[in-house]
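Here are my notes on the interfaces and salt bridges of this model, set out as numbered points. Please read them with the coordinates open.

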Amino acid sequence: MTAFETSGPSPTSDCKGFEVRHLVKQYANADKPVLNDISFKVEHGTVLVVLGPSGSGKSTLLRTIAGLEPIQGGTISINDQVIDEGRPGTEKAGRSNRSSALRTRIGMVFQSYDLFPNKTVLGNITMAPLLVQKRDKAQVEAEALKLLDRVGLADRKDAWPHELSGGQRQRVAICRALILHPEVLLLDEITAALDPEMVREVLDVVLELAKAGQTMLIVTHEMQFARAIADHVILLDGGHIVEESHDAHAFFAHPQTERARQFLHTFEFE
Amino acid sequence: MTAFETSGPSPTSDCKGFEVRHLVKQYANADKPVLNDISFKVEHGTVLVVLGPSGSGKSTLLRTIAGLEPIQGGTISINDQVIDEGRPGTEKAGRSNRSSALRTRIGMVFQSYDLFPNKTVLGNITMAPLLVQKRDKAQVEAEALKLLDRVGLADRKDAWPHELSGGQRQRVAICRALILHPEVLLLDEITAALDPEMVREVLDVVLELAKAGQTMLIVTHEMQFARAIADHVILLDGGHIVEESHDAHAFFAHPQTERARQFLHTFEFE
Amino acid sequence: MQGAEILLQPGVFPRLLQGLWVTVWIAGVSVGVSIPVGLVVGWLMTLKNPVVRALMRIYLDFIRIMPQLALLFLAYYGFARWFDWNLDATGACVLVFILWGGAELGDLVRGALQSIPKVQYESSYVLGLSPWQTFSRVILPQAVRRLLPASVNLATRIVKTTSLAVLLGVVEVIKVGQQIIDANRFQYPSGTLWIYGVIFFMYFIVCWPLSIVARQLEKRWSHD
Amino acid sequence: MVFDWSFVARYAPFFVNGTLMTLFISVFGILLAIVVGLVCAGIEIARVPVLRQIVRIYIELSRNTPLLVQLYFLYFGLPKLGVVWSAETCAIVGLGFLGGSYMAEAMRGGLEAVPKVQRENAYVLGLTPMQSITHVVMPQAISTAIPGIVANVIFLFKESSVVSAIALADVMYMAKDLIGMYYSTYESLFMLVVAYLVILLPISVLGTWLEGRFDYARR
Amino acid sequence: ACGPSAATPSDTASSNSGSSSSANAKARSLDEIKKSGTIKIAVFSDKAPFGYVDQDGKYQGYDVVFAERLAKDLGVKVEYTSVDPAARVDVLTSNKVDLVLANFTVTDERKEKVDFAKPYMKVALGVVSPESAEITDVSQLDGKTLIIAKGTTAETYFEENYPNVTLQKYDQYADAYNALLDGRGDAFSTDNTEVLAWAKANKGFKVGITKLGDEDTIAPAVQKGNKELLDFVNEEIAKLGEENFFHKDYEQTLEPVYGDEVNPDDIVVENGEL
Ligand SMILES: Nc1ncnc2c1ncn2[C@@H]1O[C@H](COP(=O)(O)OP(=O)(O)OP(=O)(O)O)[C@@H](O)[C@H]1O
Ligand SMILES: Nc1ncnc2c1ncn2[C@@H]1O[C@H](COP(=O)(O)OP(=O)(O)OP(=O)(O)O)[C@@H](O)[C@H]1O
Ligand SMILES: [Mg+2]
Ligand SMILES: [Mg+2]
């Protein structure tokens, strides 16, 4: 598998990165926010790993960033451009009302094998650039094939999703997100439903992406992988950031807070 | 959680352990055996961890030992008593034809949450001792409660399986196997379908069991856990044992074969 | 709304209820007998014997592809002579509904039995349960849960289909309605509307609770 | 028993006409049912306030009453209110009324079976709501709804046999007529079975083919 | 006692035996009928005033009075079965009843399937139509829609003799009448006795054609070869002729409907003699 030299950030971006400030998110019918005053910044070309126990709000954080949930406070910005702003009273609203173009600047891959079952591998990947970005078909297909080649699936381009293994589907899902040249890529436990060997094949792709300089926010329970890929770590609990570190190795070796120690202990035996 | 002092081996066993010799298993319509000439011995009171890539025959090995599949060659014995013998030509047969009494000497817990949905937690645990061993109801229920207490679920005794989390179900499944006082307990990837926190609560129970001296055969993909619990490791590949070690720490630190190195590498990053 | 008074005539409602009782009786007997027939058919369908399988397939497919009214005709006009059977209209209805209910229920039983995860059989085996204990204590209770909602729905369909009995001349609720309409033609020319309206709601009142029960069962047991 | 082939030959054309009538009534009734089903499923999915309750009531009424009674009511009852519909109209409206609820349930089931994450993916990829429906939701909903719809189509074809009760000359009517006039029971029953096999077997085969054709969403 | 019962109390017995079925379709002998204590007779339940169910749910009408008398003389009770016109032959051939007394017109086709006793009525076909568009001649029916009940002589007659008349056929008389009332056809044809009675009771309708086709007779029918029962019925008809039974029957059931417009001798047949 080769590095993703040509993909990654679009050359026009001014290398400022991605930022969340004082983000507040509350679900309808809930008495308190799921995310409360969350702030962090991800430098362009770096990887942030979000850790935390079940229900701590990791998925919610990624979903608000992707625009799948409206936020009630704070801002989300890319390269100093605010793309979402908290509006109180939007608990019951559907999504945030971001434009199509804005949405394509942030890519996301989910835990479940979520390819469109009614399209082939190539169809899945080329759909958004053709429909949303109205790019040239020949050029898009050529790029899709190049991406597939990089994740080792060039020969499966005409396969249907149900003919692929879980690991293969997740690799296609990554290609589907990458072809839009997102400035930030969000990955939410993308290997949680996979067999160990498949976990490895997917995570290897993500490692290559990181090397190629793709800015990413990753939620994962694979501690070894997290340790290897993270430039920057935040630990969420109860909707707050309980520990943040820009030195991933230091964080895993010597967590500063009791909560972090306790959390990391869950993954160690004896 | 307390140790399982009173459970574990029945006092009458003569402490010889469990043995498999030259085991051959072939499925109908397959051109070659899935397990070929497998031999190993598990001392009484020790834990064997079976490792291997997907499809290497780990589940099949545990299933033949449990009597769920007839074997075509070799023997399976407990305390020098042969309980299953290879008979060629039985590829298409259903199960091995072991007696009920013999079956209760080997316990097994599966990956999927396999509690009986039509019985409560207590009903699940007491069913086999009441029906098969015709034990006294009051005594069985008392023992069931003691076991539930040990896995931290005493208060859920009247719950229905669908009201439990995955981790709770697996702990009940362990109690259901333990109440028959099996001489050997087989665990086949019992945490593969669980969230990380639940993985921990289940594996803690298994660690306690090991400390209490329960003889076990464990298939797992949690390498940290395997390293912590194993007295004895075998690595399966293509139906053969490619490496066997009675020093688990040495095995994980310095595997002897190239195949084992390669396999363990899958779980390491950087 | 003239004409509605026909419903208040002495004897009209009691007679309609008597007619409804015939409808419910036919449906009840048919459902009652369909259950054992369906269990046997369902069990037969899970057998591997190719002859039994083929026979069951033909039986099920024929019953499914023929309209129930056509089956009723076959039974009423055909059976009586082919087999020298003195089958009256009510008997023909019950026979057809049993054959039909048995086939449909059989297929449900087969589906329920086959949908029980293999690991349930395996857990039982490992725990030392005998094959009969496995079937009666583990498999059957689960199969029944999966079966019940659909079976109640089938009962609703059988009740609705008993309306066809009138076309064989069975004196059930519709026929009674027609007799009443005919007998009151002169006093209440618009009685037709009211009588058929009442019959419409009588069927609804019998079937609706069944539908609700089916839906409740489905909800209650859907998480297993 | 003597089987009179010449009788069959003589009256086969009657059954051809009956078959055409059955097809005519069923096809239009089913088309109406599909339209009604689409509208009702749409109302339920979109949770349109008042209409939604009306749809629920309609579905309960339609599913829990027999077609025969619905037809009697339309054909013999309504004229007393001054509404006289032809037998064909009554039959088509009746089938549409009955089938609409069944179709609505199948279609709603199909739409609800599309996982939420599919719509979320479409959103994240920048698809407009319309593109999301036409390219992502609908193709998958159809795929899950098709088996139910096919089963309903066959069910409605069979139910159409009841229209003989309101003097429509369908297959069933022919059989009953010939038995009543010439007492040639076997021959008539034979032609009845053949006619229904001729109508329903191809539809059943076509249905299976359709299910296979739209099978891509099976995971 | 678990059987369903609808229309009449006397119907209960018939429905009780509903789901049971005896093994052979052979007719019951006179002895067997006597021994069982009931005779099974098929009648109409929606064809007033010949065979219908009254407001109390009891069978009434010209045919029913005859049926009651037959049973009385035989010393048994009657178990009525309601039939549609088209089912009259089949209830006999499949031995569901012993006797049909449902305005059964004697025809050659029917004679091949069942045995008729001596007639007790005579009829021709009649055609009833709305006064506003009265049909007085068959030729007027050309291209028009004629309502008939399935399995009646009218059906066969028009089917064979007037192919240009569009027939609209119903299973039951009640449906056919309703169809005429709702204007679904231009006219309705069945036995003249029947349409006369009906037109009397329904304002706005008139019997424009009172006699059509051959004059036919109406007779009781038994299963083919059931000579014992046939002989008994024939003897009864002869015996009843002596007491002018059918005229009395007419007065009791038909006269209230026909009034004095009809001469009883045009309808009633005594002694089986035309
Ligand atoms: N649509 C929703 N409506 C209301 N509450 C929700 C919704 N989605 C999530 N929550 C709640 O918000 C909290 C955070 O959920 P979230 O899915 O973000 O956690 P998570 O950290 O991703 O957990 P996991 O590791 O299990 O995926 C939980 O308490 C959850 O119950
Ligand atoms: N019932 C069966 N019939 C035929 N072949 C089978 C059957 N069950 C398993 N196999 C085959 O036997 C081989 C070993 O399967 P097994 O399930 O034992 O592997 P495993 O090591 O448990 O893998 P995993 O880690 O994925 O659970 C595989 O190639 C599998 O395809
Ligand atoms: Mg999450
Ligand atoms: Mg396995």
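1. I begin with the pair formed by chain C and chain D, where 39 residues of chain C are in contact with 39 residues of chain D, contact being taken as heavy atoms within 4.5 Å. This is a predicted model, in which local features need pLDDT of at least 70 and side-chain atom pairs count only at pLDDT 80 or more, whereas totals for chains, interfaces and linings use all residues. Residues are numbered from 1 along each chain as its sequence is written, chains are lettered from A and ligands numbered from 1 in the order in which they are written, and side-chain values use heavy atoms, with hydrogens and water left out.

2. The area buried between chain C and chain D is about 3500 Å², and carbon and sulfur atoms give 75% of it; buried area here is the accessible area (1.4 Å probe) that two parts lose on being put together, summed over both. On the side of chain C, the residues C:Ile65, C:Leu193 and C:Phe200 supply 19% of the area that this chain buries against chain D, more than any other three residues.

3. The polar part of this interface holds one salt bridge, for which the rule asks for a side-chain nitrogen of Lys or Arg within 4 Å of a carboxyl oxygen of Asp or Glu. The partners are C:Arg215 and D:Glu60, whose closest N and O atoms are 2.7 Å apart. Eight residue pairs, both at pLDDT 80 or more, are in polar contact across the interface; such a contact is a pair of N or O atoms within 3.5 Å, and within protein one must be able to donate a hydrogen and the other to accept it, while residues adjacent in sequence count only if both atoms are side-chain atoms.

4. Which elements give two or more residues to the side of chain C that touches chain D? They are helix 2 (50–65), helix 3 (68–82), helix 6 (131–161), helix 7 (173–183) and helix 8 (191–221) of chain C, where helices (H or I, at least four residues) and strands (E, at least two) are DSSP runs numbered from the N terminus. Helix 8 of chain C gives the most, with 13 residues. The residues on this side divide into 26 nonpolar, nine polar and four charged, with Ala, Val, Leu, Ile, Met, Phe, Trp, Tyr, Cys and Pro counted as nonpolar, Asp, Glu, Lys and Arg as charged, and the others, Gly among them, as polar.

5. Helix 2 of chain D has as its buried residues D:Val55, D:Tyr58, D:Ile59, D:Glu60, D:Leu61 and D:Ser62, buried meaning under 20% relative accessible area, exposed over 50%, and partly exposed in between (1.4 Å probe, protein chains only). These buried residues pack against helix 6 and helix 8 of chain C, together with helix 1 (5–46), helix 3 (67–77) and helix 4 (87–112) of chain D. D:Glu60 also belongs to a network of salt bridges that links C:Arg215, D:Glu44, D:Arg56, D:Glu60, D:Arg63, D:Glu105, D:Arg108 and D:Glu112.

6. Over all chains the count comes to 58 salt bridges, and two of those within chain C deserve inspection. C:Arg64 and C:Asp107 meet at 3.0 Å, N to O; C:Arg64 lies in helix 2 and C:Asp107 in helix 4 (residues 89–115) of chain C, 43 residues apart. C:Arg64 is partly exposed at 30% relative accessibility, whereas C:Asp107 is buried at 15%. C:Arg157 and C:Glu104 meet at 3.7 Å, and C:Glu104 is buried, with a relative accessible area of 10%.

7. In chain A, the closest N and O atoms of the salt bridge between A:Asp237 and A:Arg259 are 2.4 Å apart. A:Asp237 is in strand 9 (residues 232–237) and A:Arg259 in helix 9 (residues 258–265) of chain A.

8. Turning to chain D and chain A, 22 residues of chain D are in contact with 30 residues of chain A, and the buried area is about 2300 Å², of which carbon and sulfur atoms give 60%. One salt bridge is counted between these chains, and A:Arg63 forms a salt bridge with D:Glu120 at 2.7 Å between the closest N and O atoms. Twelve residue pairs are in polar contact here; on the side of chain D, helix 5 (116–124) and helix 6 (129–159) each give two or more residues, and helix 5 has the largest share, nine residues.
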